[in-house]
Amino acid sequence: MKKPLFALAAIVLLAGCGTSGTQAAPAPSAAPGPVEVSNCGTVYTYAKPPERIVTSSTVATEVVLALGLKDRMAGTVAATDIMQQYAADLTGVKVISESAFPPPSKEVVYSANPDLVVSGYPDDYGPKALGDRAVLQKEGVNSHLLSASCPGGTATVEQTYDDLRALGQVFGVQDKAEQLVTALKAEVDAVTPVTPALRVFDYAGGKDKPLTSGANTLVYDLARRAGGENIFPETKEFGQVSWEELVKRDPQVIIVEDQVFEPADESIEWMRSYAPIKDVTAVKENRFVVIPVNDLQPGLRSGRALKALAEGFAR
């Protein structure tokens, strides 16, 4: 692959109005200079395209590979669940951790000597993982969190378009980035929402108190586009709710996140047998929509997740 020029036009990528994501602004055509990216409200400066990328989540790995940057990958995490079209591209890339949960430690990531870490999960920058992004920046390691995972923002599919364009500018692969945006947008725009809207609950695990994705997460942006109405709009990010309140709000459909530590088929079997929710419409009518957990994360899977949700809602 031909490497991009190190002297890139000055680019300022500004956070979208009212969001904490990433957006690209047109560059002045005057003198060359560094690329600046605003990600989750902080500006990251790239004097030249990074040469050693570590991707600390599967969805981030897919984005980097899709942009054609395999030759710059110094390491990756959880390489077994990669989208089929990128599996071959991952061959030969060093796997620094077999699992993304819990996320890899700073020592594990730094063992690959990265100059950029790209992730899809905010927990990757937690105290038991890579730690504070400002500290990484001071140590010469830039970081990029896929913008729909930025804490405190309202997640949308469009933020993935912004991420692709931003990373495209950083690495000088704008044309490839735009091709990916066009393809993903076509998948998203092709889905027609179910009408009238259905009362929807996202089940992310838990027996005593179910864990659910909040109204500001990508899960509910996708659910809304598919024709779903969140029955817990007051829960903004991720949180536990009560089964008693779920019964009162009576979801017509339950989204079941399929996870390694809590497989969807086991979750559904348990919910069917749990007496307190036996009269909930979704349970009575067996209306469960199973979605792999990574499909509900920011990245290139949003089109297929949205399609699966719409088809599931329509059944």
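A residue is called buried when its relative accessible area is under 20%, exposed when that value is over 50%, and partly exposed in between. Keep those cut-offs in mind as we walk through this predicted model.

Let's begin with the overall picture. The protein has 315 residues, and 54% of them count as buried. Its secondary structure comes to 11 helices and 14 strands. How do the parts of the chain meet one another? Among contacts between residues at least 6 apart in sequence, 63% join residues at least 24 apart.

A good example of such a link is the disulfide. The structure holds 1 disulfide, and it joins C40 to C150, with the two sulfur atoms 2.0 Å from each other. These cysteines come from distant parts of the chain, 110 residues apart. C40 sits in the loop between strand 2 (35–39) and strand 3 (42–46), whereas C150 belongs to the loop between strand 8 (142–145) and helix 5 (158–171). The torsion about the S-S bond is about -80 degrees, so this disulfide is left-handed.

Now use the cut-offs from the start. Is each cysteine buried or exposed, or something in between? C40 has a relative accessible area of 21%, so C40 is partly exposed. C150 has a value of 5%, so C150 is buried.

Next, look at helix 11, residues 302–314. How far apart should the ends of this helix be? At 1.5 Å a residue, its 13 residues should span 18 Å, because the expected span is 1.5 Å times one less than the number of residues. The end C-alpha atoms are indeed 18 Å apart, which agrees.

Which residues of helix 11 are buried? They are S302, G303, A305, L306, L309, A310, G312 and F313. To think about a list like this, it helps to know that an α-helix has 3.6 residues a turn, so residues three or four places apart point the same way. The buried residues of helix 11 pack against several elements: helix 6 (174–189), helix 7, strand 9 (198–203), strand 11 (228–230), strand 13 and strand 14 (288–292).

Finally, let's visit the largest pocket, which has a volume of about 1000 Å³. Its lining is made of 45 residues, and F101, Y121, F238, V293 and Q297 lie nearest its centre. Sorted by class, the lining has 21 nonpolar, 16 polar and 8 charged residues. Strand 10 (211–213), helix 7 (218–226) and strand 13 (253–258) each supply at least two residues of this lining. You have met two of these elements already: helix 7 and strand 13 also pack against the buried residues of helix 11.

Technical notes
Residues are numbered from 1 along each chain as its sequence is written. This is a predicted model: local features need pLDDT of at least 70, side-chain atom pairs count only at pLDDT 80 or more; totals for chains, interfaces and linings use all residues. Side-chain values use heavy atoms; hydrogens and water are left out. On a 1 Å grid over the protein atoms alone, a cavity is a set of points where a 1.4 Å probe fits but cannot get out, and a pocket is an open set with protein on both sides within 12 Å along at least five of seven lines; lining residues have an atom within 4 Å of a point. Grid points are joined across faces, edges and corners, and a volume is the space filled by probe spheres set on the points. Helices (H or I, at least four residues) and strands (E, at least two) are DSSP runs, numbered from the N terminus. Ala, Val, Leu, Ile, Met, Phe, Trp, Tyr, Cys and Pro count as nonpolar, Asp, Glu, Lys and Arg as charged, and the others, Gly among them, as polar. Buried means under 20% relative accessible area, exposed over 50%, partly exposed in between (1.4 Å probe, protein chains only). Contact means heavy atoms within 4.5 Å. A disulfide is a pair of cysteine sulfur atoms within 2.5 Å.
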